Each structure stands twice: as C-alpha cells, then as structure tokens.
2 protein chains.
Amino acid sequence: MDLISAVSNITNTKDVFAEEARKRLDNLTKPQGSLGRLEEFARRLVAITENRMPSLDKKIIFTFAGDHGVADEGVSVFPKEVTRQMVFNFLSQGAGINVLARHAGADVAVVDIGVDFDFGNLDGLISKKVMMGTANMRKGPAMTRRQAERCIGVGIDLAVEYAKKGYKIFGTGEMGIANTTPSSAIAAVFTGRPVIEITGRGTGIGDDAFRNKIKVIENSIALNMPDPKDPIDVLAKVGGTEIGGIAGVVIGAAANRIPVVIDGFISTAGALIAYCIEPKTKDYMFAAHNSVETGHKAMLGKMDLRPILDLDLRLGEGTGAALAMFVIEAGLKIYKEMATFGDAGVSNEVLN
Amino acid sequence: MDLISAVSNITNTKDVFAEEARKRLDNLTKPQGSLGRLEEFARRLVAITENRMPSLDKKIIFTFAGDHGVADEGVSVFPKEVTRQMVFNFLSQGAGINVLARHAGADVAVVDIGVDFDFGNLDGLISKKVMMGTANMRKGPAMTRRQAERCIGVGIDLAVEYAKKGYKIFGTGEMGIANTTPSSAIAAVFTGRPVIEITGRGTGIGDDAFRNKIKVIENSIALNMPDPKDPIDVLAKVGGTEIGGIAGVVIGAAANRIPVVIDGFISTAGALIAYCIEPKTKDYMFAAHNSVETGHKAMLGKMDLRPILDLDLRLGEGTGAALAMFVIEAGLKIYKEMATFGDAGVSNEVLN
C-alpha cells in the first residue's frame, strides 16, 4: 500500500459506534461515567474497529532504530554507537521496552530503518534500512525527499503486514542517539513556537550542551527552511528515519482501522507528521503519556490529544506505549466483562 | 495484633535501602532516571520490604462494604440497598473491581464490615461485621468509639492474616452507598478547609442534592464536634465502618512492611485516619490515582502523596488501586529484569 492509497483509505471514526458503546457502558453496574477515561477508551476502540466486541489479544510495539548525523554536534550525552548497541540489547530482551512489553503482554518488532551499522543477517531484527543514518541537518537536509517517503513507506508496509498477522493494536517506539534534536525541530516547525520553548535535555545534557542544542536546532531550521505546509519536506530536512517510520505506522494503522498508541516525545513528532499529512489519523491515536520533554505538550496540544499516563518518563523505545496499552485494554475489559444492572440484580433506580 | 502494638511496630523506611536500589537502577541500560516514577516505585519497594529483590507475586485488594445512616438524608443517587446488591455482584465476579483486579493479576477479598443486611453464611464473603450500618451522623455520632476501634482492628487483623498467607502488596477499596459524605467530613475536619471546597457529587447528584449534601456535612460536624487531634474520635463521629477497616489495613501493612495502594477518595479518607494516628504509615502508602472528587487532592496534599494515575475515575471499590498495582509492578520488573550496561555491552561513557 503506497502513501496515497493509504491516506485515501482513512476516514473519521463514526460517532454512531461510540454511541452504541456508551449505551452498553451506561448499563453496567457502576454509576454512569464513573470509570472516566477507561470508558472513553472502550468507546473509541469500538468506533475505531467498527466492531461491537473488539479484541486486543495480539499487541505489538514497533521500535524503530535510526542514527542521526546531527549527533556530531554534541547534542546527546551518549555516543552514536549506543544506537546499535541498544539494538542488540533489544534482541537479547534486556532493554526497558522488552521488560514493559512483556509485562503488558505485547510483542516487540525491532526495526532497523536507518542505523549507521551493518547488522548483516541478524536473527530477530527486521531489516528495512533506508540509509546508514541521516546526514547532519546543521549542514544540509537530513534526508532527500525520496528517502523520507521511503521511511514512511516502511511504516505503512509494516502496519499492513502486522494487521494481516492478526495484531489488533499497535504501539510506536524508537531508539536513535540524538533524536530529541530532530523531534524538537519538527515541533518548532509545526507549532511555530520558539525552539527554546520546545527543547529539553534529552538523555540529560548539562547547561552548555543544552544551549548548544538549541542553537543547532535553530541553525538547522534556518539553513534548511522546511515548509510546515509540506510534512514530507519537514521530515526530510529536519527529521529522522525512525520518525518517518513512526509516521508511516500511524498512517497504516488508520488506513486499516487499527488503534495506535503513540509513545512519547519522538513518537509524537512522527505522529504529528502523519497528522499534518492527514488529520483524520488522529481518530486512531492514543497518546501514551506526558513526557518530561517540554516540546511534547505543544505537539499533543496541536493534535488535541490528552495523554493517558504521567510518570515522568523520558526513555522512549515504546516504554510508555506498553504501559498505556495495559490501561487501554483495562477499558475494553470493563466494557466486555462487567455485569449489567439486570444481570446482577442491582438497582439502577436513580433517586431524586 | 492490637492497634497499640501495631503502631509501635511501624518505623520509617530507611534511605540506605532506597540508595542501594538507586545504584542498581543507575547501572541499567537507560539514561539515569529516565524511567521516572517507575524507578521511584522500585526504590520505595526495596526500602519498604528491606529486601534487595522484592517480589509482588501475590497481590490482594481488600474491598470493605458498609452502610451509612446518613444515606437517609438523600446524599446519594442510589438507594442504600445497592450496597448489599453490589456485595453479591462482587462475589459473582461481575463488578468493576473484579474485572480490573483480574486484569492486574490481583485477588479481591470482599469484607462485610458494616452492611445493613444479614448475609448469613455466604460463600466467598469475609464476615467481619461490626454493626448493621452506621447511625445517621446528622443526628448523632455515626459509631461509638469502641465500634470505631473495632473497625480499625478488623483491618489490622486482615493485614496480618494476608501477610501470613504470603501476599506481598495490598490495595484498598470500598463499597458503601453515601460514603463520599463521611469522607468529605473527614477531609474537612483534618484539612480545616470549608466543606464546600472538599465536597463533590459522588455517584452523580444534581444541584439541589449537592447543596443538601454540603449542609448535611456541615451540620454533622457542628453537631458532633469531632476532634482533629483524636483520629479515632473523627472516625467514630463522622466516619464509616469501611473507612475504619481501610485505616486498619494501612496500619497493619506498615506494621508488617507491606506496601499498600490507596484507591481513591474514600480510601484516602481511611488512609488519612491511619496517617493521623501514625504519620510513619505514609512511607508504606502508594496513592493510586487522582479522583474526580474535589476533596481528594486536599487529603493527598496533607500527606504529601502524589497519585500515580489520573483517569477521571470515581467508582471506588479498589478499581484505581488495581490499575496502579500494575504500574508499580512495572517499576519492580524494570529494576529486576533489565540488563546492566556491562551485561549488554552498551556504552555508559558520558560525553561532555
């Protein structure tokens, strides 16, 4: 499925399905609306899937790995090699996302979309390499337009493939040393906010490195002049391969009526690219959590998404998405498994 | 274990254990502190249990049911009979707490501590009835001092019993038509805030009933004059049996070095009674979520507890505690299961 046909498949979810779900929820043995957002999640899942009894039995998190030329500018506390080292860690089940996905009953698909390392034929790794890391956006565009389109295509193809495999909910995640830098750039371009307001300390840089990071982002935007009306231009000039992959998964999920849980700051940059390509994608998104990164709130606000969790997370990988999946599934179980007033012989007479 | 010996067993948790846990966390393959509150939960669990490798394999939620004489004053949209009807619903696994406890891998102990109904010998129900519902606090004290002490004793005994059974974490929950009314009264007495500021709409009362509820609470406090320096006096005069049971579980948990997850508004009223008896209990508490009830924040603030979830819940029963247990356990799994930098061959060299 190419980008144009994927986008043409995306429709807004229909209120009639959410309304039907609400009727069932209002007849369960609890005061109406008393399970708050859990009820919202159930209504949205019914509307997204257009299925009165949806299931989330197969869950997957796509963790895209990619390198960034801009890492050369000293914007991260970790060396670039950590991206590939963490890919090995994902495959041997030792990373945060492995632990939390297991806890939530989700599988993890580790995707090399742009790591600056030749993994050869590595068991368990999904090889979709578009390039050996992006170019340094401070010196020119991070990618060509064609490369940016290929990144989105990788995400769409994976969404289609895993939908066919029977996965019922997707989560996004990423690994890429320096990737809060392109994410802040994307946030600045689309929200129009000053770089300083939407830039954070990533993995934990000090004051000097922080000032430098802001300058790097400002210079990259000034040099490349990404066009906010052309999301693929923004992705190409100041984005990253994993951010493009995430945008593609979101578009592919929406085209296939599959809910997609957006992890944190970097994933939200990818989701925002998807949203700016086709705003209807929003109906299929769940914002997993409120990241420590300051630009996150601005991007969520742009899409009018309310995060599910607020746990001071700033790891990425899809860790927040894994936890949020558990909470979303809780809403579905409430909807499917609770007794009705009639079943349970509980009075739903309301006094005045 | 009686109240005095339980309280004398409670000590503050020791920073040295949390510090050791932090060292391990800082050597896992993630930027230091990047899993935010999940790391906090792991540190606290190690400090509470004084065990470097604690386990949460057996989890239980105590759902205390009790009736309230003040229900006669028209403070709830549901008739009093719903309390006993919901007890049957809990036992047949049809309620919200059943669904969410199952989802989180927790057991539920349903305790009749003060329902105004004779259940006889009902399979699965833990019978600890102190009284057939409280008296109407608008006309006099809800309980005698002796009854209030017995309610706390029930909670302590259950904590001791379930600790012996090998349960590693407790959650609190409750069912009692009209029980936001005594909870708001307790909040007003201990925080000194005006009743109108800490009273909400419970199961969803309209404007007239809401104004009436505020008056009922104000009148009950004026009539009974509970002494904020004497928490058992407060519990007796404007509290409830289930609120006393929860206070007892919290004290019993702290006396046995067991973490206890406090559900929402009513549970927090119980936890606040325990805290005012012995402030060290706070070290053992986790605040599950931020309830829709406005008085909740004031009580959490009094104890300086930060809620884990914010999902607009207002059902009670222990539903928020069940969800929060999953998140707390996520923190423990991160601590126990993630690879270290050395294990995984990931560089933890930090650049400057």
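This is a short guided tour of a predicted model with chains A and B, with stops at the symmetry axis, the interface and two residues.

Residues are numbered from 1 along each chain as its sequence is written, and chains are lettered from A in the order in which they are written. Local features need pLDDT of at least 70, side-chain atom pairs count only at pLDDT 80 or more, totals for chains, interfaces and linings use all residues, and side-chain values use heavy atoms, with hydrogens and water left out.

**Stop 1: the axis.** Show both chains. A rotation of 180 degrees with 0.0 Å of shift along its axis puts chain A on chain B, at an RMSD of 0.0 Å (a least-squares fit on C-alpha atoms of residues with pLDDT of at least 70 in both copies). That is how a two-fold axis relates copies. Now select Leu309(A): in chain A, its C-alpha is the nearest to the axis, at 3.2 Å.

**Stop 2: the interface.** Select the residues of each chain in contact with the other (heavy atoms within 4.5 Å); you should get 57 from chain A and 57 from chain B. About 4800 Å² is buried between the chains, 66% of it on carbon and sulfur atoms; this is the accessible area (1.4 Å probe) lost on being put together, summed over both parts. Highlight His103(A), Leu311(A) and Phe326(A), which lose the most area in chain A, together 14% of what that side buries.

Next, find the side chains of Arg102(A) and Glu337(B), which form a salt bridge at 2.9 Å, N to O. The rule (a side-chain nitrogen of Lys or Arg within 4 Å of a carboxyl oxygen of Asp or Glu) finds four salt bridges across this interface. Colour α13(A) too: this helix gives nine residues, the largest share of the side of chain A that touches chain B. Helices here are DSSP runs (H or I, at least four residues) and strands are E runs of at least two, numbered from the N terminus.

**Stop 3: Glu73(A).** Go to the loop between β1 (59-66) and α4 (81-91) of chain A, where Glu73(A) sits. Is Glu73(A) buried or exposed? Its relative accessible area is 18%, so Glu73(A) is buried (under 20%; exposed is over 50%, partly exposed in between; 1.4 Å probe, protein chains only). Beyond four places in sequence, Glu73(A) touches Asn136(A), Arg138(A), Lys139(A), Asn212(A) and Val216(A).

**Stop 4: Arg150(A).** Finish on helix α6 (residues 145-164) of chain A, which holds Arg150(A). Arg150(A) is partly exposed, at 38% relative accessibility. Leaving aside neighbours within four places in sequence, Arg150(A) contacts Lys129(A) and Val130(A).

Methods. Buried area = accessible area lost by both parts, 1.4 Å probe.
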